[in-house]
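Colleague: I should like to understand how the terms used for a protein model follow from their definitions. May I put some questions to you?

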Amino acid sequence: MQKNKYTYVWVSLVVLVFGIIFIPRIIDRLQEGTVVQNDRMNLKGDNERLAFVEMNGKKRKVPSFAFVNQDSLMITNRDFDGKVYIVEFFFTSCPTICPIMNRNLVELQDEFKEFDDFGVASFTIDPENDTPSVLKAYAEDYGVTNMDWHFLTGDMKDIYELANTGFSIFAAQMPEAAGGFEHAGLFALIDKNGFIRSRTDKFGNPIIYYRGAITESEKVNDHGEEEQISILKRDIRKLLEE
């Protein structure tokens with residue numbers, strides 16, 4: 001009986017020490033949002049360097065491209081050398097995710113307006129409709145002010161090759177889909193040297209692309225997928241500071 005008494009005392013002491021040491025840390029993490037955001041999203045923290053996305057053991061770079069922008073100027077991948085930028089595939093008449101994606105990109109534009117080495121490449125998957133003049137009006141409607149945000153159009157075959165093979169971001173004509181096209185609402189993050197970069201998941205694997213069709217304020221969509229605009233902001237800043 002005496003032995004059990006001492007056992008209870010030691011257990012109580014251990015619990016007390018645990019509470020003193022760890023509970024304040026847990027409270028701090030809850031206040032900072034790290035438990036809710038980092039743990040729930042299973043993504044590694046902000047202190048780690050962004051990973052290179054690889055294929056067959058090689059770091060993936062943006063493939064060479066040359067398309068006409070909203071000002072009827074020829075823009076190539078070389079025009080983004082020395083810049084951190086986002087790549088998206090969209091179309092101006094999209095009735096579903098594209099408006100969300102481009103409002104998110106405007107938010108990123110405004111977040112990094114003091115940087116002259118941040119840009120966006122928006123490739124239309126409906127080049128027959130999305131002429132330079134249509135893209136120009138679209139950019140103006142969304143309040144695009146960044147001179148390095150290019151809305152790009154050109155040969156449909158080349159655009160789909162760039163999306164599906166170059167980036168492995170799905171895009172296809174589908175008459176039964178809303179607007180006549182189906183595509184993934186993803187953003188690719190590109191560093192100043194043209195490499196595709198991202199943070200990693202809890203297993204150390206790159207997440208590759210960021211969800212672009214969920215707003216930061218929305219937090220979670222109807223499918224239970226969490227927004228990644230907040231982490232994208234932090235990761236853009238990491239690459240700008242590299």
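Colleague: Which residue in S7 is the bridge partner of Ile-86?

Modeller: The bridge partner of Ile-86 in S7 is Val-120. The chain runs from S6 through H3 to S7, and this β-α-β crossover is right-handed. The term right-handed applies if, with the strands pointing away from the viewer, the path from the first strand over the helix to the second runs clockwise. Please note that this is a predicted model, in which local features need pLDDT of at least 70 and side-chain atom pairs count only at pLDDT 80 or more, while totals for chains, interfaces and linings use all residues. Residues are numbered from 1 along each chain as its sequence is written, and side-chain values use heavy atoms, with hydrogens and water left out.

Colleague: What makes S6 and S7 a pair?

Modeller: Two strands pair if DSSP finds at least two bridges between them. S6 (residues 84-90) and S7 (residues 118-124) have seven bridges, in the parallel sense, so they satisfy that definition. S6 also pairs with S11 (residues 186-190), in the antiparallel sense and over three bridges. There, Tyr-85 stands opposite Ile-190. Strands (E, at least two residues) and helices (H or I, at least four) are DSSP runs, numbered from the N terminus. The protein has six helices and 13 strands.

Colleague: Why is S6 called largely enclosed?

Modeller: Buried means under 20% relative accessible area, exposed over 50%, and partly exposed in between (1.4 Å probe, protein chains only). Seven of the seven residues of S6 are buried, so the rest of the structure largely encloses this strand. Both faces are covered, with Val-84, Ile-86, Glu-88 and Phe-90 on one side and Tyr-85, Val-87 and Phe-89 on the other. Of the 242 residues of the protein, 45% count as buried.

Colleague: How do you know that the span of H3 agrees with the expected value?

Modeller: The expected span of a helix is 1.5 Å times one less than its number of residues. H3 (residues 98-111) has 14 residues and should therefore span 20 Å; its end C-alpha atoms are 20 Å apart, which agrees. Among the buried residues of H3 are Cys-98, Met-101, Leu-105 and Leu-108.

Colleague: What makes a set of residues a nonpolar core, and which members of the largest one touch the most others?

Modeller: A nonpolar core is a set of buried Ala, Val, Leu, Ile, Met, Phe, Trp, Tyr and Cys residues joined through side-chain atoms within 4.5 Å. The largest has 58 residues, of which Phe-167 and Ile-236 touch the most other members. The elements that give two or more residues to this core include S6, H3, S7 and S11. Leaving aside residues up to four places away in sequence, Phe-167 touches Val-87, Phe-89, Ala-188 and Ile-190, among others; contact means heavy atoms within 4.5 Å.

Colleague: Why is Asn-56 called exposed and Ile-208 partly exposed?

Modeller: Asn-56, in the loop between S2 (54-55) and S3 (58-59), has 78% relative accessibility and therefore counts as exposed. Ile-208, in the loop between S12 (196-198) and S13 (210-211), has a relative accessible area of 32% and is therefore partly exposed.

Colleague: What is the sign of phi at Asn-56 and at Ile-208?

Modeller: Phi is positive at Asn-56, about 55°, although this residue is not a glycine. Ile-208, also not a glycine, has a positive phi of about 75°. Most residues other than glycine have a negative phi.
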